[in-house]
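Welcome! Please take a moment to look over the sequence and the 3D view, and then walk through the briefing below at your own pace.

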Amino acid sequence: MKRCVLTAPAKINLYLEIIGDRPDGFHELAMVMQSVALADRIEIVSRTSMAQFTQRIQIRCNHPDVPTDESNLAHQAASLLLDRFPDHLAQLGLIEITIDKQLPIAAGLAGGSSNAAAVLVGLDLLAGLGLTQPELCDLAAEIGSDVPFCVMGGTAIATGRGEQVTSIPSPLGLWVLLGKYRHFGISTPWAYKTFRQQFSDRYISDTVGLKQRRDRVHSGSMVEAISHSDRAAIGQLLYNDLERVALPVHPPVAALRQAMAAGTDGQGADVLGAMMSGSGPTVFALLETEDQAVNLRDRVQATLDDPDLDLWVTQCSPTGITVIDA
Ligand code: ATP
């Protein structure tokens with residue numbers, strides 16, 4: 001038996017701009033992604049005596065809404081490695097993956113993508129594949145657009161459909177308040193489809209224009225603010241195009257964003273900025289200290305007074321997937 005335990009952290013988007021159409025039908029994006037400390041825990045156990053099992057990969061999860069079949073992104077990550085490295089993975093026998101879900105699902109926090117990234121990293125270790133980070137990211141991109149960032153973690157610029165990832169130094173120590181209504185999710189395909197219906201007349205679609213815009217994000221204002229650790233500017237420059245489709249049709253999410261941005265004094269003095277993450281509906285606020293984040297959590301809870309609202313205090317993290325036991 002071999003065993004490996006990893007953390008699979010959530011991400012937030014400090015910046016998400018939809019800039020155009022790609023020939024493959026996906027949206028061309030310019031994003032700045034950030035790992036946070038809030039994470040799922042992934043345990044991978046391999047057992048060589050598999051006579052009684054018909055399935056080579058088994059998924060267990062403590063969350064009833066997470067699928068445990070081939071549609072689980074962690075399953076897809078394991079299948080991909082079994083397909084590409086059959087000889088190396090033969091020695092592992094049965095692969096049992098247990099997901100201890102701490103992240104909300106369908107939340108815009110890339111929980112499933114992060115689980116897939118953890119399985120790639122964990123199986124690479126257990127099977128002794130010795131894959132480099134670029135090799136892991138290439139495999140990750142076959143599973144989903146956010147998976148390469150989840151493999152790298154920390155802070156990164158992501159372009160293309162999100163899979164072309166360049167690491168940048170992390171803004172150290174920023175605190176994050178996350179908020180999400182427990183029984184409400186937003187489908188990522190719905191958010192992008194609706195944006196296309198409403199705003200595609202502004203898309204860049206020529207190859208030269210897309211390249212120029214892609215290059216510009218590498219020296220954009222948000223990246224500059226991060227490189228100077230200018231926390232106030234990071235907060236002011238938060239941006240997400242998908243708010244334009246999600247907030248008007250989901251008033252509770254808009255109200256949550258407003259409550260977070262208002263801070264504890266109603267003027268937002270202690271909040272650097274607030275924004276929806278990815279396709280939502282999770283909203284986050286950035287703050288300087290843990291005390292401020294805890295105070296804002298209490299204030300938002302009291303203001304909105306909704307038992308369905310979950311709030312988490314966490315921190316920007318300079319790392320992504322971490323092996324905690326092997
Ligand atoms: P993204 O930010 O990448 O759009 P998300 O946070 O919005 O991701 P996920 O939590 O990854 O969304 O879940 C989206 C859907 O994917 C779920 O409704 C679920 O059916 C499916 N799914 C597949 N694998 C997983 C997984 N390992 N964890 C959670 N959901 C998964």
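**A first look at the protein**

This protein has 12 helices and 12 strands. What you see is a predicted model, and a ligand sits in its largest pocket. Let us go through it topic by topic.

**Overall shape**

- The protein has 326 residues, and a compact globule of that length would have a radius of gyration near 20 Å.
- The radius of gyration of the protein is 20 Å, so it agrees with what a compact globule would give.
- Taken along the principal axes, the C-alpha atoms fill a box of roughly 65 × 50 × 35 Å.

**Who surrounds the ligand?**

- Around the ligand you will find 20 residues, and the closest of them are Gly108, Gly112, Asn115, Asp146 and Thr188.
- Sorted by character, the shell around the ligand holds 9 nonpolar, 8 polar and 3 charged residues.
- Helix H3, which runs over residues 111–127, gives the most to this shell, with 4 residues.

**Polar contacts with the ligand**

- Try finding Leu73 in the view: a polar atom of its backbone is 3.0 Å from a nitrogen atom of the ligand.
- In Asn115 the side chain takes part, with an N or O atom 2.9 Å from a nitrogen atom of the ligand.
- Asp146 also uses its side chain, where a polar atom lies 2.9 Å from an oxygen atom of the ligand.
- On its own, the ligand has 610 Å² of accessible area, and the protein covers 79% of that.

**Two backbone spots to look up**

- The peptide bond from Gly280 to Pro281 is cis, and its omega is near 5 degrees.
- Pro281 belongs to the loop between strand E9 (273–276) and strand E10 (283–287).
- Ala106 has a positive phi of about 50 degrees, although it is not a glycine.
- To find Ala106, follow the loop between strand E4 (94–100) and H3, the helix that gives the most residues to the shell around the ligand.

Notes. Residues numbered from 1 in each chain as written. Predicted model: local features only at pLDDT ≥ 70, side-chain atom pairs only at ≥ 80, totals over all residues. Heavy atoms only, no water. Near = heavy atom within 4 Å. Polar contact = N/O pair within 3.5 Å; in protein donor to acceptor, adjacent residues only side chain to side chain. Areas by Shrake-Rupley, 256 points an atom, 1.4 Å probe, with all protein chains shown as cover. 1 Å grid on protein atoms, 1.4 Å probe; cavity = no way out; pocket = protein on both sides within 12 Å on 5 of 7 lines; lining within 4 Å. Sits in = over half its atoms within 2 Å of the grid points. Helix = DSSP H or I, 4+ residues; strand = E, 2+ residues; numbered from the N terminus. Nonpolar A, V, L, I, M, F, W, Y, C, P; charged D, E, K, R; others polar. Rg over C-alpha atoms; globule rule 2.2 N^0.38 Å.
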